[in-house]
Amino acid sequence: IIWKKTSGTSHWPVYHGSLGATKHLYLNLTNAAGTGSEFWNNTEPTSSVVSTRGEPHSMGSTGDTIMYCFSPVEGYSAIGAYLGSSSFPFIYCGFRPAFIILKKYDGVDKWCMYDTARGSFNTLQTQLHPNSHDAESGNYFNLDILSNGFRPMDTSGQVNENGKNYVYIAFAEHPFRSSRAR
């Protein structure tokens, strides 16, 4: 879940099922996961209900908000977590990813977004950082896109620091679940 106030300036709180309803990240910051009930009301979301505590102080006291909610769909999207390792862990998605967002959650580091539209050859070396105004960066934090998942090919803190935990969401290059054969 990505939550944002539509007016003014505020943070972008992020819920990830691997962290639970007592933790949150901020899409616009590099912080490690924070603990508190100010966003998700200590209640895990269901397929139809997201419980919140209204607009938290960090989002201001009034105004409209928007919430983007995602769930894994076989052949279309994968959401999960992995442990960084010097042996380059393989993250299974069940499809070839076209777009991946990942973040180390037990330490301070940038969010990384990769896509195969801008980088069509393995390993992907260019990424965007939603927590930064910078242009795309490249030639480090490499990610190998495979037919059924991805593999960080770097031991940097942003994608694969040994012993650190990461969350991700990935979307398929050619979704099988919703394809319509004729």
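**Pocket**

I started with the largest pocket, where β12 gives the most to the lining, with four residues. I am working on a predicted model. I looked up the space in this pocket and found about 560 Å³. Its lining counts 27 residues, and the closest to the centre are Ile-1, Tyr-15, Phe-70, Ser-71 and Ile-79. I then asked which elements give two or more residues to the lining, and they are β6 and β12. I sorted the lining by residue class: 19 nonpolar, eight polar and no charged.

**Sheet**

β6 and β12 led me on to their sheet. I read the order of its four strands as β6-β12-β8-β9. The sheet is open, and the pairing is antiparallel. Which strands sit at the edges? I noted β6 (77–83) and β9 (112–115), each of which pairs on one side only. I also took the turn between neighbouring strands of this sheet, which is 15 degrees on average with direction ignored.

I went through two of the pairings. β6 and β12 run antiparallel and are joined by seven bridges. Within that pairing I picked out Gly-80, whose bridge partner in β12 is Tyr-168. At the other edge, four bridges join β8 (residues 97–104) to β9, again an antiparallel pair. Here I found Phe-99 opposite Asp-115 of β9.

**Strand β9**

Are the faces of β9 covered or open? I found both covered. Cys-112 and Tyr-114 are buried on one side, and Met-113 and Asp-115 are buried on the other. I keep in mind that side chains alternate between the two faces of the sheet in a regular strand. Asp-115 thus appears twice in my notes: buried in β9, and standing opposite Phe-99.

**Loop between β11 and β12**

Next I looked at the loop that leads from β11 (149–152) to β12 (165–172), and Met-153 lies in it. I put Met-153 down as partly exposed, because its relative accessibility is 30%. Leu-143 is ten residues from Met-153 in sequence, and I get 5.4 Å between their C-alpha atoms.

Gln-158 has its place in the loop between β11 and β12 too. Is Gln-158 buried or exposed? Its relative accessible area is 7%, so I call it buried, the cut-off being under 20%. I listed what Gln-158 touches, leaving out residues up to four places away in sequence: Leu-102, Asp-109, Lys-110, Cys-112, His-129, Phe-141 and Tyr-166. One of these contacts, Cys-112, I had already met as a buried residue of β9.

**Positive phi**

Last, I checked backbone angles. Most residues other than glycine have a negative phi. Which residues did I note against that? Asn-42 has a phi near 55 degrees, a positive value, and it is not a glycine. I placed Asn-42 in the loop between β4 (34–35) and β5 (65–68). Asn-42 counts as partly exposed because its relative accessibility is 47%.

Phe-88 is not a glycine either, and its phi is positive at about 60 degrees. I found Phe-88 in the loop between β6 and β7 (91–92). With a relative accessible area of 26%, Phe-88 goes down as partly exposed.

Key
Residues numbered from 1 in each chain as written. Predicted model: local features only at pLDDT ≥ 70, side-chain atom pairs only at ≥ 80, totals over all residues. Heavy atoms only, no water. Buried < 20%, exposed > 50% of the residue type's maximum accessible area, 1.4 Å probe, protein only. Pairing = 2+ DSSP bridges. Axes fitted to C-alpha atoms, helices over the stretch in contact; angles between N-to-C directions. 1 Å grid on protein atoms, 1.4 Å probe; cavity = no way out; pocket = protein on both sides within 12 Å on 5 of 7 lines; lining within 4 Å. Points joined across faces, edges and corners; volume = space filled by probe spheres on them. Nonpolar A, V, L, I, M, F, W, Y, C, P; charged D, E, K, R; others polar. Contact = heavy atoms within 4.5 Å.
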